[in-house]
Amino acid sequence: MAHDQYDLFFNGSILPGHDPDQVQAAVARLFKADAAQLRHLFSGKNLCIRHAVDVETAGRYRAALRQAGALIEVRPSTPRGVAAPVSSAPAGTDAAPSTAGLEVCDDGPEFELLPPRSGSLADCAPPPPPPPAVDLTGMALTPPGVILETHPQPPPLQIDISHLSAAPPHSGSLADCVINKPTRPIPDISHLRLVED
């Protein structure tokens, strides 16, 4: 039978592979919970954090808490003070409830999620570790003028220019540098005619 309303229970369950401190910080950010409320949420007791919510709200809570690394259990809603069967499966699963114990949504405080797009889990991320310190104790500045290059300099090039001479100023022209290419005969095109369309 379909249910119109649901109760949301949380017992501090954390998804595998998530750091508990980071998950608690993210949950605190989601609920704007203070230190006392956070201890209450992660005390290990199965707490009813919301009572009689619709399926869309229950889905939002489950998705937000899963993104934070935590698990909630969604159960068909019962009137406040009326015992509801407790699931024997781990929190966050969809197993059928059993009669292993009874829990009630009492008149305790309910936890509201932040409005959509009003916060980010990035605010709860731990700061990145500082870069490793570089040991500079073995380094010192050299006095000014000291050449730091230790590789031997290549020997100077020995270019013989004794056979070259310079022309007197204004005694030459770029025309002297022109390379005369042999003329090529113009092909005979007298047999070609233009054809009009």
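## A nonpolar patch on the surface

On the surface of this chain, L157, I159, I161 and L164 together make a nonpolar patch of about 490 Å². The model in which this patch appears is a predicted one. One of the patch residues, I161, belongs to the segment that follows β5 (102-103), and I161 counts as exposed because its relative accessibility is 54%, where the cut-off for exposed is over 50%.

## The chain as a whole

The chain holds three helices and five strands, and when these elements are read from the N terminus they follow the order β-α-α-β-α-β-β-β. Of the 197 residues in the chain, 24% are buried, while the accessible surface comes to about 15,500 Å², with 60% of that area belonging to carbon and sulfur atoms.

Contacts can also be described by how far apart the partners are in sequence: among those between residues at least 6 apart, 70% join residues at least 24 apart.

## Aromatic rings

Two aromatic pairs are found when the whole structure is searched. In one of them, F10 and F42 meet edge-to-face, with 5.3 Å from centre to centre and 85° between the planes. Because F10 lies in strand β1 (residues 6-10) and F42 in the loop between α2 (35-41) and β2 (47-53), this pair ties together parts that are 32 residues apart in sequence. Both F10 and F42 are buried.

A further ring, that of F9, has a charged partner: the charged end of R75 sits over the ring, 3.8 Å from its centre.

Key. Residues numbered from 1 in each chain as written. Predicted model: local features only at pLDDT ≥ 70, side-chain atom pairs only at ≥ 80, totals over all residues. Heavy atoms only, no water. Helix = DSSP H or I, 4+ residues; strand = E, 2+ residues; numbered from the N terminus. Buried < 20%, exposed > 50% of the residue type's maximum accessible area, 1.4 Å probe, protein only. Contact = heavy atoms within 4.5 Å. Areas by Shrake-Rupley, 256 points an atom, 1.4 Å probe, with all protein chains shown as cover. Patch = residues over 30% accessible without salt bridge, like charges linked within 9 Å, V, L, I, M, F, W, Y side chains within 5 Å. Salt bridge = Lys/Arg side-chain N within 4 Å of Asp/Glu carboxyl O. Phe/Tyr/Trp six-rings, centres within 6.5 Å; stacked < 30°, edge-to-face > 60°. Lys NZ or Arg CZ within 6 Å of the ring centre and 35° of its normal.
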